[in-house]
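Student: I'm new to this one. Can you walk me through how to read it?

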2 protein chains.
Amino acid sequence: MPPGKSTPSTTAGPIWVRYDLPAIRKAVTREKIASRGPGIWRWRELLPVKDDASIVTLGEGLTPLLRAPRLGAALGLSNLFVKDDSLLPTGSFKSRGQAVAISMAKELGIKRVAIPTAGNAGGAMAAYAARAGMEAFVFMPDDTPIINQFEVSLAGAKCFLVDGLITDCGKIVLAGKEPMGWFDISTLKEPYRIEGKKTMGLELAEQFNWKLPDVILYPTGGGTGLIGMWKAFNELRELGWLESEKMPRMVCVQSDGCAPIVRAFEAGEKHAKPFENAATIASGIRVPAAVGDFMILDAIRQSGGTAIAVEEKQIVEWMKLGGSKEGISIGPESSACIGAAMSLVKSGWIRPDEQVVLYNCGTARKYPDVAPPRVWRIQKDKPMDWGMIGK
Amino acid sequence: MPPGKSTPSTTAGPIWVRYDLPAIRKAVTREKIASRGPGIWRWRELLPVKDDASIVTLGEGLTPLLRAPRLGAALGLSNLFVKDDSLLPTGSFKSRGQAVAISMAKELGIKRVAIPTAGNAGGAMAAYAARAGMEAFVFMPDDTPIINQFEVSLAGAKCFLVDGLITDCGKIVLAGKEPMGWFDISTLKEPYRIEGKKTMGLELAEQFNWKLPDVILYPTGGGTGLIGMWKAFNELRELGWLESEKMPRMVCVQSDGCAPIVRAFEAGEKHAKPFENAATIASGIRVPAAVGDFMILDAIRQSGGTAIAVEEKQIVEWMKLGGSKEGISIGPESSACIGAAMSLVKSGWIRPDEQVVLYNCGTARKYPDVAPPRVWRIQKDKPMDWGMIGK
């Protein structure tokens, strides 16, 4: 067992893993971590798994931090970066949380797991459960992208389509705990997904040479990524590993088709009211009620950040802007952050020379239905019309 | 300019980049390379780019080498590994070749590029061209998976659907060179894609601690990956960086729906005849005639390898086997290698304890049409039938 491990506290509500940080500070250094292979398990001491043999891995992390000068110029930013989690197994940041959650489930002897999902978390859980040899049950809204259904099915998990939203799926998973004997891997119903998501912040800190950036734009559904990054930054500060006092301003980005956190932030409330008639093509942020709403709001406020809802109908245009300016496959959720950056630069909330990170949570390739490809048809036996092709 | 660089030779047929290996041996060590960041550019001295400023990167490489004990057990192999290039930008190994080809195009001042593609190479070229700010034209068969059309279009490239095969697309790109003034990025029409693919072999060597595995199973379309790996192994041997004399037996895997190389191998021929009526759901290996056919056949023969055609109609089952046993998203092309492993173990050509690498060239997520997901529909307001769910 690595030094400084502690078991989760058991207060009501979400469970929060705490570490004996002074013991960790004595046991490992930043240099030692950097000397290990890439991937989230280099952060071994800051993750909850006790026995190395429990680790279930598909090679997740260290994802690229890319300078984005051409997209930055379009947005009026001279120091824009994209943290590209589309390169994780299963094509999204959900792999970070599932790698740790399923490893812990293995350590605890669990054989059967279930999850409600907007899509990508289910795909990731199915993959890690397969890797661990566990039986997996995935519940998703019946209009979830076909690629998510496909990846769950290919991984041998059972895929259920529910005529409702993710919150309805969550109720089914909860109700099934006793009759089905499964472990509930819902966001914040178990404490380990957030520990996996924490590696988003740990990697950013290392990639920025331990001086955190000014602003992080993050598309917010269940919000574990934002909460996890904020937890990471605070643990690193307590460890004394940061080279600068500055903490990033955390920006929660939602679509105006589903913006419960933004409404609560603007109203100065501690919890968010469920968002009625939630609708957005960015299925990952179609979360009308988040269990960890108060933790998201706390992190935004503590960081001096903000919450912003962008125009749903512009999301596809922003996807195209990111793709064509940088060649990065930015899913609809994170494309909303492009719109948010535009607004925040315009209003002066972000200064043009600040270091801004756009978190790309997942590949656009899972969402072919949001925008039919623009194509031209060519007949091979007819003379080419080069003028048409060049236009 | 790094030491030991040489320009391509200009004999007829494919151009082959040669390096001054003794100079490289003096300039860099394996340890120095290992101390650099992950990714293909750690192999700087063994790649053709002269000026660092020319490098166009999306964070490609170092992809995971995963032990696959559960899939191995199903195939009768105790040392099966999957090299998982589905984690590259654009979800396939094509990013390796395009990263280097587009970087070289940038170094040479090229502003406009074109490519014929079975799908993934076009997606990768479009992404890297966008990253470099180049204009890109992509020609693909009109039944190429929609995700490939989508990714090309999202990256701002022009996507053309041709009523024919990749060979027909190649003719159009060739014919357009003069009227359109574009640079032809076809397989082996320029020498740098293969240099990028070489990193497949370089990474494997490093990940196996410089003792190469016994067998590499590789799905073969245009074959640059196989040729590139073989080139890498030979350069490493000449550099004196390998710890063992053993070279892997290279296995070319094709579908019986399109098996030109297998036929030529079996017939003992130097070149392959075009395969009539090529048809396979594994679109990446639907290449009826490969420009580098003789180079593929040479590599297989020199390595003591073989070529094998597997049953087209089993490919989807093998995809499901890989997905459900290991949670790895193995595209239809590389899933053919699962079938090949089964046959070769059965025939005794592969011994059960040999180190065998299955090269996963790309994610299954781009091919949702090959197998509709198996799903169950649930009505949220009806009582759950837990018995049905558990079945």
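Tutor: Sure, let's start with a single contact: the backbone nitrogen of A364(A) lies 3.0 Å from a polar atom of the S329(A) side chain. That's a polar contact, meaning a pair of N or O atoms within 3.5 Å; within protein, one must be able to donate a hydrogen and the other to accept it, and residues adjacent in sequence count only if both atoms are side-chain atoms. Bear in mind that this is a predicted model, where local features need pLDDT of at least 70 and side-chain atom pairs count only at pLDDT 80 or more, while totals for chains, interfaces and linings use all residues. Residues are numbered from 1 along each chain as its sequence is written, chains are lettered from A in the order in which they are written, and side-chain values use heavy atoms, with hydrogens and water left out.

Student: Which side chain does the side chain of S329(A) join in a polar contact?

Tutor: That of T363(A), at 3.0 Å. Contact in general means heavy atoms within 4.5 Å. Leaving aside neighbours within four places in sequence, S329(A) has contacts that include S86(A), N360(A) and R365(A).

Student: Is S329(A) buried or exposed?

Tutor: Buried means under 20% relative accessible area, exposed over 50%, and partly exposed in between (1.4 Å probe, protein chains only). S329(A) comes out at 12%, so it is buried. You'll find S329(A) in the loop between α12 (315-326) and α13 (332-346) of chain A.

Student: How do I read a helix, say α9 of chain A?

Tutor: Helices here are DSSP runs (H or I, at least four residues), numbered from the N terminus. The expected span is 1.5 Å times one less than the number of residues. Helix α9(A), residues 224-239, has 16 residues and reaches 22 Å from its first C-alpha to its last, close to the 22 Å expected. Because 13 of those 16 residues are buried, α9(A) is largely enclosed by the rest of the structure. Just after α9(A), G240(A) takes a positive phi of about 80°.

Student: And how do chains A and B meet?

Tutor: Count contacts again: 74 residues of chain B touch 75 of chain A. Then look for salt bridges (a side-chain nitrogen of Lys or Arg within 4 Å of a carboxyl oxygen of Asp or Glu). There are 4 between the two chains. One of them links R365(A) and E151(B), with the closest N and O atoms 2.4 Å apart. On the side of chain B that touches chain A, helix α6 (residues 146-154) gives the most, with 7 residues.

Definitions and conventions: Helix = DSSP H or I, 4+ residues; strand = E, 2+ residues; numbered from the N terminus.
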